[in-house]
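Dear colleague,

I am passing on to you the structure that follows, together with an account of what was found in it. Please read the account with the structure open beside you.

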Amino acid sequence: MSTQPDLLYSEAEDDLRAAVRSLVTGRSDHTAVLSRAESGTPYDDGLWQSLAAGIGAAGLLVPEELGGQGAGHREAAVVLEELGRAVTPAPYLTGSVIATETLLALGAQDGEAAGLLKELAAGRTVAVLALPLSASADSRLPTGATVTGVADAAAADVLLALRADGLYAVRRGEATVEPLTPLDLTRPLAAVTTAGDSGTRLADAEQARAAVRRGLLAGAGLLASEQLGIAEWCLEETVRYTRDRHQFNRPVGSFQALKHRMAQLWLDVAGARAAARNAADALATGSAEVPLAVSVAQAHCSRVAVRAAEECVQLHAGIGMTWEHPAHLYLKRAKADEIALGTPGRHKESLAELVSLPGPL
């Protein structure tokens, strides 16, 4: 019999949210994000150090005996909500969640994998999985020397390369990272090439594939929290704007048609919050329903984030179409997230299989 999931935020999680929000508000406002994205170097190393080491967010998933905070997925989800709200360019999802979860799944308490986990937890090193951002836990995983569409490779010190005979930790100097042109400028993509004899072997083929799939599953589950943060900001900003913007001597938000659109969006966001929190709680408690919770969260939250961003752009009218207004950053992040770690359609198919339905939902 499954236990009831805890969808509420604890006091500690609220304190963590306040700390992260204060940091990104002061160091990663929309003007700064847009300026850095335009420069081709979206990452702020000082911000990352403050987040990863200062607040300790990089080690939330890492046990205390390996130098981490010994927290869990619920706390990491809170961090991702706040990073999503600010569309902050940071290798948190790719490094502190997916790569970290992959290394944890190897179960090593010493050796190269454990040493790397200690570096990640301390914020001294950034590692990313050298797989396309579109890869999902149930998709075919590429094992070639060159992999395209790797997210945050430009910020990585170590690349975790999946090969036919296992998983390897490849230092940045041993790999070639060629930047690509992404839709979302706040999460750069690259083509990564690693030579077959480079790096240190961390696991054999069977163990490596299981660990990578675990990392991708956790990443998909917590990506829902980032999508929730995107949707929440878009809803709040749209409500604020339509309250302040006047036409015919009254706020445009007072018109019934717009009221209905924003009320429906509020309901969608409330549902997304429940789905995202359920996925985070399932991961944190090690529930047997993790695959089900992740598929539900991604199938719903992906759609809500995109719709919220589209409504934000449209209901801001002309100003929402400008480069200077941040709405386009949220729309691009939402669209990029929609196809990250499995599309909503693929997650619906997985959901149908998990609950033994005869066909697609």
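If neighbours within four places in sequence are left aside, L103 is in contact with A113, L116, L117, L120, L160 and L202; please bear in mind, here and below, that this is a predicted model. L103 belongs to the largest nonpolar core, which has 81 residues, and it is listed with L51, V79, Y92, L160, L167 and L216 as having the most contacts inside that core. Helix α7, covering residues 205-244, gives this core its largest share, which is nine residues. Another core, of 29 residues, lies apart from it, and V33, A272, Y330 and A334 are among its members. As a general background to such groupings, nonpolar side chains tend to be buried together in soluble globular proteins.

A99 may be a useful second residue to look at, and its place is in helix α5. Its relative accessible area is 0%, and A99 is therefore counted as buried, the cut-off being under 20%. Beyond its neighbours within four places in sequence, A99 is in contact with T94, A127, V128, L129 and L160. T176, by comparison, is 77 residues away from A99 in sequence, and the two C-alpha atoms are 19 Å apart in space.

Turning to the enclosed spaces, the structure holds four cavities of 30 Å³ or more, and the largest cavity contains about 90 Å³ of space. Its lining is made up of T94, I98, V128, L129, L131, P132, L133, A151, L216 and L341, and by type these residues divide into nine nonpolar, one polar and no charged. Helix α5 (92-105) and strand β1 (127-129) each supply at least two residues of that lining. T94, V128 and L129 in this lining also appear among the contacts of A99, and L216 in the lining is also one of the residues with the most contacts inside the largest core.

The largest pocket is another matter, with a volume of about 460 Å³. It is lined by 28 residues, and those nearest its centre are P42, Y43, A154, A155 and P188. The elements α2, α3, β5 and β6 give two or more residues each to this lining, and the largest share, three residues, comes from α3. The lining of this pocket divides into 17 nonpolar, six polar and five charged residues.

A residue to examine alongside the pocket is T41, which is found in the loop between α2 (30-39) and α3 (45-54). T41 has a relative accessible area of 47%, and is for this reason described as partly exposed, a term that covers values between 20% and 50%. The side chain of T41 makes a polar contact of 2.9 Å with the side chain of S39. T41 and A155 are 114 residues apart in sequence, while their C-alpha atoms are 9.6 Å apart in space.

Finally, is D184 buried or exposed? D184 lies in the loop between β5 (175-179) and β6 (189-194), and it is buried, because its relative accessible area is 3%. Its side chain makes a polar contact of 2.5 Å with the side chain of T186, and a further polar contact, of 2.7 Å, joins the side chains of D184 and R333. With neighbours within four places in sequence set aside, D184 is in contact with K332, R333 and A336.

With kind regards

Terms used. Residues numbered from 1 in each chain as written. Predicted model: local features only at pLDDT ≥ 70, side-chain atom pairs only at ≥ 80, totals over all residues. Heavy atoms only, no water. 1 Å grid on protein atoms, 1.4 Å probe; cavity = no way out; pocket = protein on both sides within 12 Å on 5 of 7 lines; lining within 4 Å. Points joined across faces, edges and corners; volume = space filled by probe spheres on them. Helix = DSSP H or I, 4+ residues; strand = E, 2+ residues; numbered from the N terminus. Nonpolar A, V, L, I, M, F, W, Y, C, P; charged D, E, K, R; others polar. Buried < 20%, exposed > 50% of the residue type's maximum accessible area, 1.4 Å probe, protein only. Polar contact = N/O pair within 3.5 Å; in protein donor to acceptor, adjacent residues only side chain to side chain. Core = buried A, V, L, I, M, F, W, Y, C linked by side-chain atoms within 4.5 Å. Contact = heavy atoms within 4.5 Å.
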